[in-house]
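Where does a protein leave empty space inside itself? Look at the model below with that in mind.

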Amino acid sequence: MTGYVLRIERGLGCDGPGLRTTVVLKGCPLRCSWCDTPESHRIEPELMFREDCCVRCFECFDDCKLGAISEADGRPIVDHGVCRWCGDCADGCSTNARLQVGSVMTESRVLQEIERDSLLYRESGGGVTFSGGEPLLQAEFLLRLLEGCRALGIHTIVDTCGAAAFQAIERVADVADLIRYDLKHLDDDRHRRLTGTTNREILDNLCGLALRNAAVRVRFPLVPGVNDDLSHVRRLAQFVASLGISDIDVLPYRAVAAGRYESLGRANPSARVPEPGPDTVAEVVRVMADCGLSAAVVDRRPNGV
Ligand code: SF4
Ligand code: SF4
């Protein structure tokens, strides 16, 4: 079986317990206005352009059989309406100014990559984290990888936004050691405006997992102007506590995505979103504690391109 993989990062100490390999799967049903991994949105491989690496050799003009690349102001510009992400121009670019992000990989190839660090996982108490994008968008592929890891005795974590059929989430919860579940906003209207998707299924799925006593850790991405209003934080914390969950991770927004949107030729919707200051983070933790939740602040700047 094959799946779409954005990247595989090895030896990470910031993505769960111990040292871990993170398998980032491509494709996401949400379009969060503060997303820091826009290259994960589409499920298929995509093309990125790093202007600072381009030496204006214009070799890529000839590499593109579709004529999607032309010159404008002395720069090689891709017409994203014509480009079919074949990667030929990236293969031919000697300076890596053009990069194809994402690839189609077989399940056995991904498992081989994972297995390379088995000793590291054992010695550090680590394992594998499946992230995205939304890994449940490729539920069957994810399940095969989880089953492979289980057969190898490797600890697994799955990061999800919860926007998936409950049947799929339930099956994943049966095989994974931990589900890390993002809750972004409690109000459906606001959630739709911020992410393009209803939160009804997300909230229902979390209730379903809690009822099954699945191993779930809720995560709250804290984004100023989006969900940091303390009355909203209180309602969200009360909702989580009402499910019998006592711990939560708070993930302060970090503005790291600007170059990525530019490299993809897209406008950055988070251009004016500020990072939360320490006082805001402390207030959110205090409000959550008032509601009976023990909140851990997890500050993770993403790696990769
Ligand atoms: S082949 Fe690479 S370095 Fe040459 S013009 Fe194209 S993007 Fe720039
Ligand atoms: S990825 Fe393929 S179709 Fe797109 S610009 Fe490059 S060569 Fe052309």
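What follows is a short walk through the empty spaces of this structure.

This is a predicted model: local features need pLDDT of at least 70, side-chain atom pairs count only at pLDDT 80 or more, and totals for chains, interfaces and linings use all residues. Residues are numbered from 1 along each chain as its sequence is written.

Start with the cavities. A cavity is a set of points on a 1 Å grid over the protein atoms alone where a 1.4 Å probe fits but cannot get out. Lining residues have an atom within 4 Å of a point. A volume is the space filled by probe spheres set on the points, which are joined across faces, edges and corners. The search finds two cavities of 30 Å³ or more.

The largest cavity has a volume of about 770 Å³. It is lined by 36 residues, and Asp36, Thr37, Gly132, Asp182 and Arg219 are the closest to its centre. Strand E11 (a DSSP run of E, at least two residues, numbered from the N terminus) gives the most to this lining, with three residues.

The second largest cavity holds about 110 Å³. Among its 16 lining residues, Cys54, Cys57, Cys60, Cys93 and Ala97 lie nearest the centre.

Now turn to the largest pocket. A pocket is an open set of points with protein on both sides within 12 Å along at least five of seven lines. This one has about 250 Å³ of space. Phe49, Arg75, Glu262, Ser263 and Gly265 lie nearest its centre. Domain 1 (2-43 + 103-297) and domain 2 (46-101) both give residues to the lining, so the pocket lies between them. The domain bounds come from an automatic or database assignment.

Terms used:
Chains are lettered from A and ligands numbered from 1 in the order in which they are written. Side-chain values use heavy atoms; hydrogens and water are left out. Helices (H or I, at least four residues) and strands (E, at least two) are DSSP runs, numbered from the N terminus.
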